[in-house]
Amino acid sequence: MNPQLLQLICFYLFGFIAVVAALAVITLKNTVHAVLSLVLTFFSAACLWMLADAEFLALALIVVYVGAVMVLFLFVVMMLDIDQEKMREGFVKFLPVGLIVAAAMLVEMLGLIGVKAMHAQVMGADPAVVAGVSNTAWLGQALYTKYLLPFEVAALILTVGVVAAVALTLRQRVDATRHESASEQVRVNPRDRVRIVKMDAVRPAQPTPVPPQEPSS
Amino acid sequence: MVDQLINHLVWPIVYILCITIPLILAVAMFVYWERKVIGWMHVRMGPNKIGPLGLLQAFADVVKLLIKEVILPTTANRFLYYLAPMLTLVPALAAWAVIPFSGKMVLSNANAGVLYLLAMTSLGVYGIILAGWASNSRYALLGAMRSAAQVISYELAMGLCLVCVLVLAGSLNLTDIVNAQAGHKGLLDWFWLPLLPVFVIYFISGVAETNRAPFDVAEGESEIVAGFHVEYSGSAFAIFFLAEYANMILVSFLSAVLFMGGWLSPFPSSWGFIGHAGFPWLLIKAFLFSFLFLWFRASFPRYRYDQIMRLGWKVFIPIAIVWVLVAGCLKYFGWVTIGTGV
């Protein structure tokens, strides 16, 4: 069992899992199961990239998509209150539209692959291997030197997106009566709420003992 | 053929067992130590009946949990309910693959070790969410949501802290990161000194990421009973428990590796025997960090949920971002000699 063969077996294994999981995404009835299948698809894709020595891309895929994006996605899907039967009602009605879209996409993809194949350039050797450094190090070098400007522009666009998302969700209900604003709570000064008074310990005045009254007769 | 099979399959499995079995034993003893320490801090005895000094208590607990019935709630989603504990445990154990125990002792000396760690720790959240959802219980769902929000928030701060270490070390490989901290001054050569704020943030984020006190709103016994694993019993619960403690020990080891020089000796190399680097130093450092977890738990009251979010997003992340710049300057202008190795 030589390493190449092992790699090939792993490739087909991961590829098979990725395809089956991708099919499961669109066939499973339970939406949560579908989202989890999508997670499995991403994970298998990351394993495939890892086999292709693209370790940075593979790990970034897991950290970003599996670890963050899909978690939020899962949240949303879990909170949805979907009537499964209702969702399946329009199947026959929408089937032609779906088939047309699928066919169009297939033609486009085939065209793209065909054009690429005609202009096929023999892929050069892996530049990271040529430079004698790891894939991650090479990618970092390329991003921060040769492609610094596009990289920074992309970062800026993402930041704008973050600001926009925050601005969109930052709203306060004016009609809510039982609603406490967290920022208001945080800004509270303890001194406004509780006043601690320093008092000297004072011995209470001793009541003068009342002499027992003599029973008067 | 047989030789290669042994090289590619048998030896890695042996190495993996060499890490996981001591890890599981360490978890058992850590649980005992936790109960003992908290007992002392509460002026109690802690477990002291089973075995000498109560040392076998943890094993008795394990046996008890294993022979108990795993109860499936009637409205639970059967498949996901059983899948969730495994999804929590697997990343918790898999992350150990890249931890270097000494200069030579490492299972996988991966070049992108730190990235791999980030990837694995970010996977652990799935087990929590699924456990909460599949249980079909209100408390479990609330706990899962709190926990997931907390883990995702603190992962960012943690990632930025890692960036500072990477800038100084110039590598994603954990062995290289430790080697970059080597020097003749011992303790003063490590990254904790130039990265002090980041070091503190990293460890606190680690506590928050493992949902431990004082950040344990996800479990909050007094509010939502036990959070995401409230419906679990027997061995399924034991797996969650194991994963949580394995993660705590992982954070302790990582703090030691990233900021406290890993297996390097805290004494100057000229001090003879105690100045030598070696595996025991890493164990001592990790033990001290894991002790901090218990100390925090017995000392601090629980944070409120919005306070946790505020601390993570508005305090830790800005400080960490600023320190990324500081670390860059330290490296670029050569203001620190550490990070260059010996």
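**Cavities and pockets in the two-chain model**

About 110 Å³ of space lies in the second largest cavity of this predicted model. Its lining is made up of Val114(B), Leu117(B), Leu118(B), Thr121(B), Met158(B), Leu162(B), Leu174(B), Tyr202(B), Val251(B), Leu254(B) and Leu258(B). Sorted by class, that comes to ten nonpolar residues, one polar and no charged. Helix 4 of chain B puts in the most, with four residues, while helix 4, helix 5 and helix 9 of chain B each hand over at least two.

The structure holds two cavities of 30 Å³ or more, and the largest takes up about 310 Å³. Here 22 residues form the lining, with Gly124(B), Ile128(B), Glu209(B), Thr210(B) and Asn247(B) closest to the centre. This time helix 9 (234-259) of chain B gives the most, at six residues; helix 3, helix 4 and helix 5 of chain B also supply at least two each. The lining of the largest cavity has 13 nonpolar, six polar and three charged residues.

Helix 5 of chain B also packs against helix 7 (residues 196-209) of chain B, at an angle of about 150° and with the axes 9 Å apart. That angle is why the pair counts as roughly antiparallel. The crossing is left-handed. On the helix 5 side, the residues in contact include Met158(B) and Leu162(B), and on the helix 7 side they include Tyr202(B) and Glu209(B). Met158(B), Leu162(B) and Tyr202(B) turn up in the lining of the second largest cavity as well, and Glu209(B) is among the residues closest to the centre of the largest cavity. Overall, the helix 5 and helix 7 contact has eleven nonpolar, three polar and two charged residues.

Now for the pockets. The largest has about 2,400 Å³ of space. Of its 49 lining residues, Phe56(A), Tyr144(A), Gly159(B), Leu160(B) and Val163(B) are closest to the centre. Helix 5 of chain B leads the lining with ten residues, and helix 3 (55-79), helix 7 (135-146) and helix 8 (148-169) of chain A are among the helices that supply at least two each. By class, the lining splits into 34 nonpolar, twelve polar and three charged residues.

The second largest pocket has about 1,300 Å³ of space and a lining of 34 residues, with Met50(A), Ala97(B), Leu107(B), Ser108(B) and Tyr116(B) nearest its centre. Both chains pitch in: helix 1, helix 2 and helix 3 of chain A, along with helix 1, helix 3 and helix 4 of chain B, each provide at least two residues. That lining has 25 nonpolar, eight polar and one charged residues.

Definitions and conventions
Residues are numbered from 1 along each chain as its sequence is written. Chains are lettered from A and ligands numbered from 1 in the order in which they are written. This is a predicted model: local features need pLDDT of at least 70, side-chain atom pairs count only at pLDDT 80 or more; totals for chains, interfaces and linings use all residues. Side-chain values use heavy atoms; hydrogens and water are left out. On a 1 Å grid over the protein atoms alone, a cavity is a set of points where a 1.4 Å probe fits but cannot get out, and a pocket is an open set with protein on both sides within 12 Å along at least five of seven lines; lining residues have an atom within 4 Å of a point. Grid points are joined across faces, edges and corners, and a volume is the space filled by probe spheres set on the points. Ala, Val, Leu, Ile, Met, Phe, Trp, Tyr, Cys and Pro count as nonpolar, Asp, Glu, Lys and Arg as charged, and the others, Gly among them, as polar. Axes are lines fitted to C-alpha atoms, for helices over the stretch in contact, and angles run from 0 to 180 degrees between N-to-C directions. Angles under 35 degrees count as roughly parallel, over 145 as roughly antiparallel, 65 to 115 as roughly perpendicular and the rest as oblique. A crossing is left-handed if the near helix is turned anticlockwise from the far one by less than a right angle, and right-handed if clockwise. Contact means heavy atoms within 4.5 Å.
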